[in-house]
Amino acid sequence: MSATALTSWAKAIRRTVELAGVDAAPLFAQAGLDIAALNDPNARYPVERTAQLWRLAVVATGNPALALEVARQVTPTTFHALGYSQVASTTLKEAFERTLRYFRIVTDAGELRFFQQGERYCFETRVQMGADGPAQEGGDA
C-alpha cells in the first residue's frame, strides 16, 4: 500500500514553479499526477509521485532551495484542520499536540510523537515501515 498525502503540497509547488516562469502541467504529467485533482480539496496523491514532482520542480526551476519558495505559498488553510488548529493554539506545546491530532488528515506516510522527557519536550517524526519517505527537496509527508 502506497502512502498518500493531500494534494496541498503539489498545489503550492504548482504556484511556485509558475511564479518562476515554468509551466507546471508537463511536470505533473511527468510525475504521473493528474493536475486536475488540485481542484478537489480532499484529493490525495501518492507520496512517491509527489516526491518525484518535487525533484522535477527543482530541476525545472534550477533552484535547489525551491522548498523555501514553496513554503511561502502555504497558508493556514493549506492543510485543512491541521493549519487551523495550529493557528488557534496559544502555546507551542498546544500546537504540537494539535499537530498529532490532525496529522493523519494530511498524510498517512509517517507517525508523529510528542512527549516530555525531563524538562524537555521532544517531537519525533518517523516514516512507517514500507512507506515511501518524504522528498528531500521539500519534506513532503
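In which sense do strand E3 and strand E4 pair, and over how many bridges? I looked this up first. Strand E3 (residues 110-117) and strand E4 (residues 120-127) pair in the antiparallel sense, and the pairing extends over 8 bridges. I note for the record that the model is predicted.

**Entry: the hairpin**

I followed the chain from E3 into E4 and found a hairpin, with 2 residues between the strands. Glycine 118 lies in the turn, and I read a positive phi of about 65° for this residue. I then looked for the bridge partner of phenylalanine 114 and found phenylalanine 123, in E4. As a general point, I keep in mind that side chains in a regular strand alternate between the two faces of the sheet.

**Entry: overall composition**

I counted elements next. The protein has 6 helices and 4 strands. Read from the N terminus on, the order of elements is β-α-α-β-α-α-α-α-β-β. The protein has 141 residues, and buried residues make up 38% of them. I recorded an accessible surface of about 8200 Å², with 52% of it belonging to carbon and sulfur atoms. For contacts between residues at least 6 apart in sequence, I found that 55% join residues at least 24 apart.

**Entry: H1 against H3**

For helix pairs I noted two quantities, since two packed helices are described by the angle between their axes and the distance between the axes. Helix H1 (residues 8-19) and helix H3 (residues 47-61) pack at an angle of about 10°, and their axes are 11 Å apart. That angle makes H1 roughly parallel to H3. From H1, the contact is made by Trp9, Ala10, Ile13 and Val17; from H3, it is made by Leu53, Trp54, Ala57 and Thr61. I sorted the residues of this contact by class and obtained 7 nonpolar, 1 polar and no charged residues.

**Entry: two residues of H1**

Is tryptophan 9 buried or exposed? Tryptophan 9, found in helix H1, has a relative accessible area of 15% and is buried. I also checked tryptophan 9 against threonine 50: the two are 41 residues apart along the chain, and their C-alpha atoms are separated by 8.1 Å.

Serine 8 is likewise found in helix H1. Its relative accessible area is 10%, so I entered serine 8 as buried. Which residues does serine 8 contact, leaving aside its neighbours within four places in sequence? I found Thr78 and Phe79.

**Entry: histidine 80**

I moved along the chain to histidine 80, which is found in the loop between helix H4 (66-71) and H5. Its phi is near 55°, a positive value in a residue other than glycine. With a relative accessibility of 23%, histidine 80 counts as partly exposed, because that class begins where buried ends, buried being under 20%.

**Entry: H5 against H6**

How are H5 and H6 oriented to each other? Helix H5 (residues 81-88) and helix H6 (residues 92-106) pack at an angle of about 175°, with their axes 8 Å apart. The two helices are therefore roughly antiparallel to each other. I listed Ala81, Leu82, Ser85, Gln86 and Ala88 in H5, which meet Glu94, Ala95, Arg98, Thr99, Tyr102, Ile105 and Val106 in H6. By class, the residues of this contact divide into 7 nonpolar, 3 polar and 2 charged.

Note on methods. Residues are numbered from 1 along each chain as its sequence is written. This is a predicted model: local features need pLDDT of at least 70, side-chain atom pairs count only at pLDDT 80 or more; totals for chains, interfaces and linings use all residues. Side-chain values use heavy atoms; hydrogens and water are left out. Axes are lines fitted to C-alpha atoms, for helices over the stretch in contact, and angles run from 0 to 180 degrees between N-to-C directions. Angles under 35 degrees count as roughly parallel, over 145 as roughly antiparallel, 65 to 115 as roughly perpendicular and the rest as oblique. Contact means heavy atoms within 4.5 Å. Ala, Val, Leu, Ile, Met, Phe, Trp, Tyr, Cys and Pro count as nonpolar, Asp, Glu, Lys and Arg as charged, and the others, Gly among them, as polar. Two strands pair if DSSP finds at least two bridges between them. Buried means under 20% relative accessible area, exposed over 50%, partly exposed in between (1.4 Å probe, protein chains only). Accessible areas come from the Shrake-Rupley method with a 1.4 Å probe; for residues, only the protein chains shown count as cover.
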